[in-house]
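Visitor: I am new to this structure and would like a close look at a single part of it, the largest pocket. Could you take me through its lining with care, and then through the charged contacts elsewhere in the chain?

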Amino acid sequence: MKKKFGLTFGGLHQKILNLVLLLLLALIGVFGAVSVYQANHLSDVVSSTNDDQQNAIKEVSGNTMKQVIDSSMTKSNRLQAYIADDMFSDIKTDVSMLQSLATGLFENSSSFEPYPALLPVKGNDGKLSAQVLYEEGVDYKESKLLGTAAHMSDTMIAMCNKSEYLTNCFIGLADGTVLCVDDNPSSKYDENGELAAFPVRERPWYTNAVNNGDICFTGIENDTYTENIGVECSAPVYVDGKLVAVVGADLFLASMGEYVKESSRQGGNICVIDDKGHVIFAPENNGIFTVETAANAMDMRNTDNKELDEFITKALSEQTELVTVTVDGKDYYMTGSPLSTVGWTVVSFISRDITEQPTNMMLDEYEKINNDATDKFEDSTSKSKTTTLVMISVVLILGTVGAIVVATRIVKPIEKMKERMDSISGTDQAFEMDDAYRTGDEVEMLAQSLADLSSKTRQYIKDITEITKEKERIGAELGLATKIQADMLPNIYPAFPERPEFDIYATMTPAKEVGGDFYDFFLIDDDHLGMVMADVSGKGVPAALFMMMSKILVNNYAMMTQSPAKALELVNTQICRNNDEMMFVTVWLGVLEISTGKVTAANAGHEYPLIRKPGGEFELLKDKHGFVIGGMDGMKYKEYEFTLEKDAALFLYTDGVAEATNADNELFGTDRMLEALNREPDASPKVLLANMKQAVDDFVGTAPQFDDLTMLGLKLL
């Protein structure tokens, strides 16, 4: 026997080697066939598992996304419909008031001298004024009805100034004359400078009101003089059963059209459909709804798509749940809410393809992971081929037993994996490592990759579900907290309709869902009105809780003592007893003696009030500040007095107004605040606050709101 390369040749060793070689020559073919079969079998197992996991992702993620879309889009749609319907309702209320006023005037026309009515004055553009128009062949100077109707001029102008949506109004008379109020008198003249005839009794708003016999809306029309798109609300005026006039107002809808177009840029789509089923507003190229002229418009309740017809018909009469509608072979999620005032509906819709994008992204990520695992497997398979050749050489030495053991080691774990994958179904979608797969080679790597992929997929689905639930819960709770806080503050206006001596109005816009600012006003007795403006330290829920406690204490002690300084001392003592969190609140508390206009006030670290004397402008009243409430026990506060004459006004606010910051880190400041108030110093408190809010919004622009905006206005009438 000879030894070479550490091996023994010849003798028994040689015979064993020869026997193994002879046996392996016969088994190599079988071994190769088995290897091919096992590789194909393993590929089928991986493919089957991939399909099962993808189906599970599609089902769970799809259901979760639909729930999110159902919750958010349905709530948003109903809110948008509520806001739009409120706009139509306000116009309807204004027209109803005009109808009542006109009826009273004409029924008692014998008690009034004719009021002068003037033709449009070209130089009055940009200023609301009452103007006379008439039909061709009608002499307005001979109109007896016009002299009575002209008594409504100032009221109509005041109504347009006060209304949020009303820009013009009119009263068309049965004798062919009309009194209108708007701010563009120059448009009433033709290119020759002659006053154009106005066929009042032929206008849709006039004929509709006469035919209906009650208040009604026209369809979408272009305004005669401005070409603005809108609708007209009108109502007939009868005296002793005889038509004498028709009152009405325009509601321009350009902002609604812009809002609808903007909706497509926010990831969703909104369209507005009128009571005839015609699409009034819709985003361009939305795939379903097209805006046409009235003559060419299609009734969306009578199309070739029965499913869409039923949905539109239902949406015009009631709020719908989220439904799936197929249009031209493409699925859409839709929900609708009616506008009860005009019989229209607001429809929100979104392509199902868009809502499935998160699922597709998840599937893409899954595919990437699977491809990585496949690449590793193929790389391992390539290495296995080399290993197999080495193994064959080793088996030539170790013999048939070694070859069988190795083959068994490879096949059995794969069969176990296949059995486990075949058993995956229903809620049991987990593939986990087992001792049978721990072979220490590529089979274990593949099993570990599949187990990791399964674990990540299940955890991802679980995280999505939990996050969605938690977001909905927090949203619901904050929404309820916002409503509770808003209900704590006076929010019904006019606040004291039985008291004509004064007008009061207040608003609070929190920086977060709930705020720390608060205001209050209340009658202490028939001749004393309490007013409160306060700002709690901090933001969010803690500040809101502290705010509600502070509001109640201030109200109670103010009612008990009628002394602002004493009330603040009692509130400070009460709060300091249990204030471990060291929170504090700035408060301005004043008591107005209504009969004299005298105001007795005390200031606990709050902003200076602003006062406007009759015929003047707003100015700061730099009063003496006491220490904040809750800062130190035993504090004393001083009172001071000032008098508000008739037609004087008072403006209170929190630091969120003066300290509003734009994108360049500039403060709004006191000067801008005075400038905003003094644009219309004689306006009602509601208009003053609206002007201030608009000025702050214009200044801040796109910068986020960091502090609550709270304001209160009072005017002695």
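Guide: In this predicted model, the lining of the largest pocket is made up of 33 residues, and those that lie nearest its centre are Lys-162, Ser-163, Glu-164, Tyr-505 and Lys-686. Two or more lining residues come from each of helix H1 (11–107), helix H3 (153–162), strand S15 (502–509) and helix H15 (685–700). Among these contributors, H3 provides the largest share, with eight residues of the lining. Sorted by character, the lining residues comprise 18 nonpolar, five polar and ten charged, and the volume of the pocket is about 1,200 Å³.

From the pocket we can turn to the salt bridges, of which the structure holds 14. One of them joins the side chains of Arg-78 and Glu-321, with a distance of 3.7 Å from N to O. Here distant parts of the chain are linked, since Arg-78 belongs to helix H1 while Glu-321 sits in the loop between helix H6 (306–315) and strand S12 (323–327), 243 residues apart. Arg-78 has a relative accessibility of 29% and therefore counts as partly exposed, whereas Glu-321, with a relative accessible area of 52%, is exposed.

Another salt bridge is formed by Lys-551 and Asp-520, whose closest N and O atoms are 3.3 Å apart. This pair also links distant parts of the chain, with Lys-551 in helix H11 (residues 540–561) and Asp-520 in strand S16 (residues 517–525), 31 residues apart. Both partners fall below the cut-off for burial, which is under 20% relative accessible area: Lys-551 is buried at 10% relative accessibility, and Asp-520 is buried with a relative accessible area of 4%.

A further salt bridge holds Glu-641 and Lys-598, with the closest N and O atoms 4.0 Å apart. Because Glu-641 lies in strand S22 (residues 639–643) and Lys-598 in strand S19 (residues 598–604), the pair ties together parts that are 43 residues apart in sequence. Glu-641 counts as exposed at 53% relative accessibility, while Lys-598, at 30% relative accessibility, counts as partly exposed.

Finally, salt bridges can also be followed beyond a single pair, as a network of them links Arg-612, Asp-647, Asp-682 and Lys-715.

Technical notes. Residues numbered from 1 in each chain as written. Predicted model: local features only at pLDDT ≥ 70, side-chain atom pairs only at ≥ 80, totals over all residues. Heavy atoms only, no water. 1 Å grid on protein atoms, 1.4 Å probe; cavity = no way out; pocket = protein on both sides within 12 Å on 5 of 7 lines; lining within 4 Å. Points joined across faces, edges and corners; volume = space filled by probe spheres on them. Helix = DSSP H or I, 4+ residues; strand = E, 2+ residues; numbered from the N terminus. Nonpolar A, V, L, I, M, F, W, Y, C, P; charged D, E, K, R; others polar. Buried < 20%, exposed > 50% of the residue type's maximum accessible area, 1.4 Å probe, protein only.
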